[in-house]
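Q: Could you take me through the largest pocket in this model, what lines it and what sits around it in the fold?

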Amino acid sequence: MKTGLDSLATALYVKTDDLLKDSPQFGPWRPAVGIAPQLSDAELVTLAMMQAMLGFTSEARWLRHARAHLRHLFPYLPQQPGYNKRLRKAADLIRRVTRTLARDTTLWVVDSTPVECGRSRETVKRSDLAGWAQYGYCASHTRYFWGLRLHLVCTLHGLPIAFALTGAKADERQTLLDLLTVEPQLTAERPGQALIGDKNYFGREFEQQLAELDIRLLRPARKGEAERPGSQLFKPLRQVIESINETFKGQLDLERHRGRTPGGVAVRVLQRILALTAAIWHNDHTDQPVMRALTAYDH
């Protein structure tokens, strides 16, 4: 099997189509009686992944490109308003497909990264994101920003296991606990799971709650603490975590999402998570030497 974008798109389409045949309830709701959409849900998910992979932040520009170059994959393509509406309604399906592609691993990493949503004061005052988006601080870049935070639990290859989008000031520890509480099967299926985090994931009560979920937390010692187990792993793995964030921002344009409403931002972030997950999944199944390599698919 070749590893070009067409091959990735075909593999993702088949996987999504099989998922919907086995569990049709995962698809967006529509009336039992009516005209079936000309673009299937599996094709929609595939189209959304390709948009993120190829770096098109404008839906109208993406659809023009698809009509000119991707007719062999998508005989029918909707207009931009119809594509946008269907994409928002398919957010839960995209989340399901992403989870289906994720595979087991013995070591997870957890971190959060800013998703900037505006810079001018007028944007902050008038945006539909006000109330969800907040001012926050990015320590790794020593800057303040207005927007959201993407919280990710990933494998060392960057494959997303769980994720959440919150306000910029949301507590990283509480968000992680909420993620694990909402999806209890994550921990139930993996007793003794090791999880690496940074110094922000601290606290006796927090670590006790993780222990009750059978999660073994590994993190660097904070100032005044005794040396913790696994400390020799943290410096190289910190670079792994930062490189995963850079893949989202540098190659998949996470901060150029152009979303202006909560639903719009959420589905655009999900597109990028799906694109990275699909690429890693496909690279694994085609025995590629580098799991997080996207260059075979970005043109």
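A: The largest pocket holds about 540 Å³ of space, and keep in mind that this is a predicted model. Its lining is made up of 20 residues. If you want to find the middle on screen, look for Arg95, Arg99, Phe163, Glu183 and Leu270, which lie nearest the pocket's centre. Four elements each give two or more residues to the lining: α5 (91-101), β4 (160-167), α7 (172-182) and α11. Of these, α5 gives the most, with five residues. As for chemistry, the lining splits into 12 nonpolar residues, two polar ones and six charged ones.

Helix α11 is worth a second look, since the nonpolar core comes in here too. The largest nonpolar core has 89 residues, and those with the most contacts inside it are Leu47, Met49, Met53, Trp62, Val153 and Leu176. The largest share of that core, 12 residues, comes from α11 (residues 262-285), the helix that also helps line the pocket.

Val153 makes a handy spot to zoom in on. Leaving aside neighbours within four places in sequence, Val153 is in contact with Trp108, Val109, Val110, Leu159, Pro160, Ile161, Ala162, Leu176, Leu179 and Leu195.

For a contrast, go to helix α4 (residues 80-89), where you'll find Lys89. Lys89 counts as exposed because its relative accessibility is 65%, and the cut-off for exposed is over 50%. The C-alpha atom of Lys89 is separated by 9.1 Å from that of Gly27, although the two are 62 residues apart along the chain.

Notes
Residues numbered from 1 in each chain as written. Predicted model: local features only at pLDDT ≥ 70, side-chain atom pairs only at ≥ 80, totals over all residues. Heavy atoms only, no water. Core = buried A, V, L, I, M, F, W, Y, C linked by side-chain atoms within 4.5 Å. Buried < 20%, exposed > 50% of the residue type's maximum accessible area, 1.4 Å probe, protein only. Contact = heavy atoms within 4.5 Å. 1 Å grid on protein atoms, 1.4 Å probe; cavity = no way out; pocket = protein on both sides within 12 Å on 5 of 7 lines; lining within 4 Å. Points joined across faces, edges and corners; volume = space filled by probe spheres on them. Nonpolar A, V, L, I, M, F, W, Y, C, P; charged D, E, K, R; others polar.
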